[in-house]
Amino acid sequence: MISSIAHFARMARVGFVLAREGALALVDPSVLPPAARALIRVGRLIERRGAGSSATRLAAAMTRLGPSYVKFGQFLATRPDVVGMKIAEDLSALQDRMAPFPMEQARATIEAAHGEPVEALFSEFGEPVAAASIAQVHRARLKDGSEVAVKVLRPGIRDRFNRDLAAMRFGAELAESRSHEARRLRFSGVVETLARSVTMEMDLRLEAAALSEFAENTREDADFRVPKPDWQLTAREVLVDEWIDGIRLSDVEALRAAGHDLVALARNVIQSFLKHAIRDGFFHADMHPGNLFVDAQGRLVAVDGGIMGRLGLKERRFLAEILLGFITRDYARVARVHFEAGYVPARHDVADFAQAIRAVGEPIHDRRADEISMAKVLTLLFEITGLFDMATRTELVMLQKTMVVVEGVARSLDPQLDMWKTAEPVVREWITRNLGPLGKIEEVGRGAQSLLSTLASLPETAARAERVLGQLEDASRQGFVLDERSIQEIGRAEARRNRWGNWALWLIAGVLAYGIFS
């Protein structure tokens with residue numbers, strides 16, 4: 001009861017800040033039930049004058065609510081299926097830039113993690129160069145003279161996130177209990193995905209592991225790399241990796257002045273992302289221009305592995321076949337892939353679904369290559385799938401939203417970029433390798449290995465089955481024993497029924513008495 005009151009209080013504060021900053025103006029009241037429309041009207045009465053554009057309003061509200069909501073806003077930008085494309089686009093403008101915390105606290109965190117003074121670990125340790133909701137980054141120099149980036153977790157950030165996440169869970173469960181659409185969009189799943197992501201981000205050893213895996217996957221790629229973590233100096237609250245000297249992709253003029261081929265860079269951005277997603281099943285899910293550099297050798301360098309996406313083999317095949325289906329205008333193939341993957345319920349008709357997909361794909365073939373947006377096509381595709389009861393796939397939506405960002409980065413370098421022509425070599429290579437004869441042989445091999453593992457475990461499975469049958473026989477003779485909590489719940493339910501029964505009897509008696517004596 002007390003926790004519910006606390007959650008309501010936090011939710012009320014969130015509602016007040018959103019209303020005050022004018023963010024409620026973004027909500028379409030026509031799609032809301034009457035009670036919610038009334039709340040929106042009341043909320044808009046306290047809207048601050050001159051709140052600014054929609055993007056400014058949301059950014060101001062999320063920033064005012066604190067680090068948890070800045071991160072939540074960024075995360076919702078990856079879920080246009082939940083908040084709608086307009087709000088997702090506005091949230092994409094939300095910058096994860098917070099005021100830095102004092103140097104003394106950063107030094108104390110490092111010293112607590114390593115049990116040594118900062119001077120014993122680094123020959124130089126500078127002021128913060130960037131500060132975000134979870135951590136801030138310092139430039140430093142090791143004793144051997146090499147420069148490193150030192151990422152330090154914000155003090156007290158775990159407790160704050162846990163409090164805010166508990167309130168978000170409460171709000172999501174409340175919405176799902178009252179709205180079918182909230183259940184379809186899995187509001188609770190959205191919050192849990194954010195919770196997992198933030199939990200991993202707040203253990204900087206896991207970010208170091210992500211960078212290490214990313215580097216291992218891309219070690220043969222001549223035009224892409226990631227910074228190497230220093231495992232000896234990395235701890236739960238501290239990440240140390242190599243300092244990247246390069247030009248940010250956001251600084252187009254500097255790239256041009258340095259003699260870099262912008263057309264080739266744009267192609268590299270798209271093809272690198274697709275290789276990571278389709279070939280490796282592990283991709284950088286925060287590839288905005290601030291996290292991408294070009295080094296002196298012209299290689300693309302991605303930093304900050306805090307948010308990574310992962311795709312299984314089924315999802316990778318799904319993505320590759322969909323992209324190839326749109327490239328070749330084979331909409332029946334795209335539809336079949338959705339059904340084979342189990343994403344669209346079998347009660348729907350494949351031909352009807354293919355017809356709906358054609359409505360997405362055909363318009364792009366009447367336009368110039370530089371006008372066709374691969375990310376927009378996937379966005380429209382996910383809107384169509386909602387009409388066919390396709391359950392939300394968090395990993396696919398994260399991929400789609402990352403593709404929106406990547407496409408924007410690439411087009412800032414080369415506005416005439418042909419997205420589909422650029423993507424086709426990567427997609428065809430993966431399909432040929434994994435769905436061609438060699439891929440089929442490997443699939444048979446994996447199946448055989450799985451079968452052998454199953455056969456090897458048969459004796460143990462048979463023994464477990466025998467034990468379960470024995471327990472069932474005992475239960476049938478002696479009766480089933482209920483868990484103590486179940487007995488208590490049954491008792492409470494019976495007491496509630498008795499109370500209602502007694503009230504009903506008294507009501508009937510009162511009515512009869514009234515009839516007799518009146």
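Helices here are DSSP runs of H or I at least four residues long, numbered from the N terminus. Everything in these views comes from a predicted model.

**View 1. Asn 434 in helix α20, with Arg 317 across from it in the chain numbering.**
Asn 434 sits in α20, the helix that covers residues 419–435. With a relative accessibility of 23%, Asn 434 counts as partly exposed, because that class lies between under 20% (buried) and over 50% (exposed). Look for Arg 317 too: 117 residues separate it from Asn 434 along the chain, yet their C-alpha atoms are 8.6 Å apart.

**View 2. The whole protein, before we zoom in again.**
The protein holds 23 helices and 10 strands. Of its 518 residues, 41% are buried. Take the contacts between residues at least 6 apart in sequence, and 68% of them turn out to join residues at least 24 apart. About 27,600 Å² is exposed, with 57% of that supplied by carbon and sulfur atoms.

**View 3. The open antiparallel sheet β1-β2-β3-β5.**
Four strands make up this open sheet, and their pairing is antiparallel. The edges belong to β1 (122–131) and β5 (238–242); each has a single partner strand, so one side of each goes without a neighbour in the sheet. On average, neighbouring strands are turned by 25 degrees against each other, ignoring direction. Helix α7 (residues 103–114) packs on this sheet and touches β1, β2, β3 (147–153) and β5. The direction of α7 makes about 125 degrees with that of β1.

**View 4. Closer in on the β1–β2 pair.**
A hairpin takes the chain from β1 to β2 by way of three residues. The two strands run antiparallel, and six bridges join β1 to β2 (residues 135–142). To get your bearings, find Phe 122, whose bridge partner in β2 is Leu 142. Then find Phe 125, which stands opposite Ala 140 of β2.

**View 5. The largest nonpolar core, seen around Leu 249.**
This core has 101 residues, and the ones touching the most other members are Leu 249, Leu 274, Phe 326 and Leu 413. Helix α14 (residues 262–280) gives the core its largest share, nine residues. Skipping neighbours within four places in sequence, the contacts of Leu 249 include Leu 255, Val 269, Pro 289 and Leu 292. Also among the contacts of Leu 249 are Phe 293, Val 294, Leu 300, Val 409 and Leu 413. Another core, of 16 residues, lies apart from this one; Phe 101, Val 148, Val 150 and Val 238 are among its members.

**View 6. The open mixed sheet β4-β9-β8-β6.**
Here is another open sheet of four strands, this time with mixed pairing. β4 (224–225) and β6 (247–248) are the edge strands; each has a single partner, so one side of each has no neighbour in the sheet. In the pair of β8 (residues 292–294) and β9 (residues 300–302), three bridges hold to the antiparallel sense. Leu 292 stands opposite Ala 302 in β9. Helix α14 packs on the sheet, touching β4, β8 and β9, and its direction makes about 50 degrees with that of β9.

**View 7. Helix α15, mostly tucked away.**
Of the 16 residues in α15, 12 are buried, so the helix is largely enclosed by the rest of the structure. Nonpolar side chains such as Phe 318, Leu 319, Ile 322 and Phe 326 are among the buried ones, but so are Glu 315, Arg 316 and Glu 321. At 1.5 Å a residue, α15 (residues 313–328) should span 22 Å, which agrees with the 22 Å between its end C-alpha atoms. Just after the helix, Arg 329 takes a positive phi of about 65 degrees.

**View 8. Helix α9 from end to end.**
α9 (residues 157–178) has 22 residues, which should span 32 Å at 1.5 Å each; its end C-alpha atoms are 32 Å apart, so the two agree. Which residues of α9 are buried? They are Ile 157, Phe 161, Asp 164, Leu 165, Ala 167, Met 168, Phe 170, Ala 172 and Glu 176. It helps to recall that an α-helix has 3.6 residues a turn, so residues three or four places apart point the same way.

**View 9. Thr 402 in helix α19.**
Thr 402 belongs to α19, which runs over residues 394–413. Is Thr 402 buried or exposed? Its relative accessible area is 3%, so Thr 402 is buried. Not counting residues up to four places away in sequence, Thr 402 touches Phe 273, Phe 283, His 284 and Ala 285.

Technical notes
Residues numbered from 1 in each chain as written. Predicted model: local features only at pLDDT ≥ 70, side-chain atom pairs only at ≥ 80, totals over all residues. Heavy atoms only, no water. Pairing = 2+ DSSP bridges. Axes fitted to C-alpha atoms, helices over the stretch in contact; angles between N-to-C directions. Contact = heavy atoms within 4.5 Å. Core = buried A, V, L, I, M, F, W, Y, C linked by side-chain atoms within 4.5 Å. Buried < 20%, exposed > 50% of the residue type's maximum accessible area, 1.4 Å probe, protein only. Areas by Shrake-Rupley, 256 points an atom, 1.4 Å probe, with all protein chains shown as cover. Expected span 1.5 Å × (residues − 1).
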